[in-house]
Amino acid sequence: MTQERDRILDLLASGKITAEEAGRLLDVVGAQSGQAADAGPAAAGAKTATAALPKFLYVKVVSVKGDNVNVKIPLRLLRAGLKLTSLIPPQAMEQIDKTMAEKGMSFDLKNLKPEDLEEIIESLREMEIDVDAANGDNVRVYAA
Amino acid sequence: MKMPPLLVAMRIVERGQTKVRLWLPLFLLWPILLPFVILTLLGTVIVDGFRFLAGHKGAYTRLAVGVLGLLGETRGTEIFVEDKDHTVAFRLR
């Protein structure tokens, strides 16, 4: 599945297909994946057993005006970035928390534990955000 | 720790024609930056040493190593931006 997505993104990168075509192809690949999952409990079980953690976070913006954006971010980067927060010295962390609180974000980075990070990454496999705007613009965020 | 990205591939397509195709060999940049990285790490080790003597827990060296690790994890990042006439593709390999 990931190989098919990568192949589509390669075609997009090389300019052989447009972002809109890539979006349609990704939708087809996603639909096929869903059908495979519905094939039966045994097949679904086997799929779950072999399913690996998602490797990339995709952000896809398709605009009716033709302004399209595709971003593919390695989830390992996200994991490393989140882990880095636990290495920030306490004094610097207090300053960060204070500044964030001043900006209206009362988010305590100290509460972010390594085991929580793994849970977040694991949960991303199930996550898909699909926003359809009234003007036809579409924003899709998913991990694969 | 993973290797940092070795290449930046950038491609600009205008009306179906490739206008710019750029390959930046980052693997040539890293050896140049290596002395600065080593100096920075030495500095953080010294600072952590003084902090340890002052009774604080050293964290700056781990932070510096973490930042280097973060750099390594950027490999595989891809960004495509497209409008009606132009496409810009950016990849870290």
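This report describes the fold of chain A and the aromatic side chains that pair within it. The structure is a predicted model.

**Overall architecture**

Chain A contains six helices and four strands. Read from the N terminus, these elements follow the order α-α-α-β-β-α-α-α-β-β. Of the 144 residues in the chain, 34% count as buried. Among contacts in chain A with a separation of 6 or more, 52% are made by residues 24 or more positions apart. The accessible surface of chain A is about 8,600 Å², and carbon and sulfur atoms contribute 58% of it.

**Aromatic pairs**

Over all chains, a search of the whole structure finds two aromatic pairs. In one of them, the ring centres of A:Phe56 and A:Tyr58 are 6.4 Å apart; the pair is tilted because the planes meet at 55°, a value that falls neither under 30 degrees, as stacking requires, nor over 60, as an edge-to-face arrangement requires. The rings of A:Tyr58 and A:Tyr142 also pair, with centres 5.1 Å apart, and their planes lie at 15°, so this pair is stacked. The stacked pair joins two strands: A:Tyr58 belongs to strand β1 (residues 56–62) of chain A and A:Tyr142 to strand β4 (residues 138–143) of chain A, so the pair ties together parts that are 84 residues apart in sequence.

A:Phe56, A:Tyr58 and A:Tyr142 together form one aromatic cluster. A:Phe56 has a relative accessibility of 14% and therefore counts as buried. A:Tyr58, at 3% relative accessibility, counts as buried, and A:Tyr142 is likewise buried.

**Charges over the rings**

Two members of the cluster also have a charged side-chain end over the ring, as tabulated here.

| Charged residue | Ring beneath the charge | Distance from charged end to ring centre |
|---|---|---|
| A:Lys72 | A:Phe56 | 4.2 Å |
| A:Arg140 | A:Tyr142 | 4.4 Å |

A:Phe56 thus takes part in the tilted pair with A:Tyr58 and lies beneath the charged end of A:Lys72. A:Tyr142, in turn, is stacked with A:Tyr58 and has the charged end of A:Arg140 over its ring.

**A residue in the first helix**

A:Arg7 is located in helix α1 (residues 2–13) of chain A. Its relative accessibility is 52%, so A:Arg7 counts as exposed, the cut-off for that class being over 50%. The C-alpha atoms of A:Arg7 and A:Ala22 are separated by 10.0 Å, and the two residues are 15 residues apart along the chain.

Conventions. Residues numbered from 1 in each chain as written. Chains lettered and ligands numbered in written order. Predicted model: local features only at pLDDT ≥ 70, side-chain atom pairs only at ≥ 80, totals over all residues. Heavy atoms only, no water. Phe/Tyr/Trp six-rings, centres within 6.5 Å; stacked < 30°, edge-to-face > 60°. Buried < 20%, exposed > 50% of the residue type's maximum accessible area, 1.4 Å probe, protein only. Lys NZ or Arg CZ within 6 Å of the ring centre and 35° of its normal. Contact = heavy atoms within 4.5 Å. Areas by Shrake-Rupley, 256 points an atom, 1.4 Å probe, with all protein chains shown as cover.
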